[in-house]
Amino acid sequence: MSIRMPKTALGAWSWGAGAAGGDQVFGNHLFEEDLKPVFKKAMEYGLCLWDTAAVYGEGSSERILGNFVKEVSRKDVILSTKFTPQIASASPDAMQKMIDGSKERLHTDIIDIYWIHNSLDVEKWTPDVIPLAKSGQIKAIGVSNHNLAEIRRANEILAAEGLKISAVQNHYSLLHRSSERAGILDYCKENGITFYSYMVLEQGALTGRYTEENPFPAGTGRGDSYNPHLKKLSALIHEMEIVGTRFDANPAQVATAWARLSEIPAYRGKKFLLLRNCTRISFQILKKRLRRLLTSWILITLI
């Protein structure tokens, strides 16, 4: 099966609550009543690719998204979810069991993009996705949080069965560019693989909303990660604001435009933010304005 890969996906990591969920990682408490208007408005604007995982909030993210999906035409939605090895059972059909749970929560028989969430034992888990693809349970195969050697090896395993990786999903942003330096972006372009960047906004750190005076919620995953660096980040946010004034764009839109103008599809999380003006921002202007900070010691310590 083939599937179109939109330039922008909306991530549901911060939806719901529970282990690895919105409350513990983000400090959010977002449920159906909060998120239904987000889903509706996004669909109106043609943003139809929704990304989640069985592990997010112990299935609560998938469950919330699935309740929205069942109210629209299935053909209008592209569903992306993940197999996470760390929560897999010891059963020989662990991947089948996990996708069965995802399909039930998402109210669908077919997953459009199914990801192996991380590289824990590529040799063991990559072969297990093959019967899912051949039986028509999934349309496209993705790998997430894999390094270049692991991506190559997964593709070799799939190629032996006439399949291939369709997409890679790794952390990539103005602050986190390891996939670029490691050659993963080049490999994807050379092999017709769509590279999806997640955490383009660094969980809100690149939006300008959070400062030393208004930090991330204490005791959360993102608070622990970013609060110690907010003073240093203020210099980059200021530069992004200068860029944005030319295009009536805020820092979040500048960060998203940077990813999109690098020809990398971007994942946007939590609440829906309009992508207006992003395509009007000149990549050359971004490159010129931000080069000084991106190559300075200020940011190297954060990457």
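**Exercises on a predicted model**

Q203 lies in the loop between β7 (194-198) and α9 (221-226); helices (DSSP H or I, at least four residues) and strands (E, at least two) are numbered from the N terminus. The model is predicted, so local features need pLDDT of at least 70 and side-chain atom pairs pLDDT 80 or more, while totals for chains, interfaces and linings use all residues. Residues are numbered from 1 along each chain as its sequence is written, and side-chain values use heavy atoms, without hydrogens and water.

**Exercise 1.** Determine whether Q203 is buried or exposed, and state what is noted about its phi.

Solution. Step one: the relative accessible area of Q203 is 12%. Step two: buried means under 20%, exposed over 50%, and partly exposed in between, with a 1.4 Å probe and protein chains only. Q203 is therefore buried. Step three: Q203 is not a glycine, yet its phi is positive, about 55 degrees. Most residues other than glycine have a negative phi.

**Exercise 2.** Treat D121 in the same manner, giving its phi, its location and its exposure class.

Solution. D121, also not a glycine, has a positive phi of about 65 degrees. D121 sits in the loop between β4 (111-116) and α5. Its relative accessibility is 40%, so D121 is partly exposed.

**Exercise 3.** Describe how α5 and α6 pack, and list the residues that meet.

Solution. Step one: α5 covers residues 122-134 and α6 residues 148-159. Their axes, which are lines fitted to C-alpha atoms over the stretch in contact, are 9 Å apart at an angle of about 40 degrees. Angles run from 0 to 180 degrees between N-to-C directions. Step two: under 35 degrees is roughly parallel, over 145 roughly antiparallel, 65 to 115 roughly perpendicular, and the rest oblique; α5 and α6 are therefore oblique to each other. Step three: contact means heavy atoms within 4.5 Å. On the α5 side V122, E123, T126, P127, V129 and I130 take part, and on the α6 side E150, R153, A154, I157 and L158. By class, this contact of α5 with α6 has seven nonpolar, one polar and three charged residues.

**Exercise 4.** Explain why α3 is described as largely enclosed by the rest of the structure.

Solution. Helix α3 spans residues 60-69, and nine of its 10 residues are buried, so the rest of the structure largely encloses it. The buried residues are S60, S61, E62, I64, L65, G66, N67, F68 and V69. The elements that cover them include α2 (32-44), β2 (49-51), β3 (78-83) and α4 (94-106).

**Exercise 5.** Place T108 in the chain and list its surroundings.

Solution. T108 belongs to the loop between α4 and β4. With a relative accessible area of 10%, T108 is buried. A polar atom of its side chain lies 2.9 Å from the backbone oxygen of I110. Neighbours within four places in sequence set aside, T108 is in contact with R74, L79 and K103.

**Exercise 6.** Locate H176 and find the side chain with which it makes a polar contact.

Solution. H176 is in the loop between β6 (167-171) and α7 (178-181). Its relative accessible area is 23%, so H176 is partly exposed. The H176 side chain makes a polar contact of 3.4 Å with the S178 side chain. A polar contact is a pair of N or O atoms within 3.5 Å; within protein, one must be able to donate a hydrogen and the other to accept it, and residues adjacent in sequence count only if both atoms are side-chain atoms.

Note on methods
Nonpolar A, V, L, I, M, F, W, Y, C, P; charged D, E, K, R; others polar.
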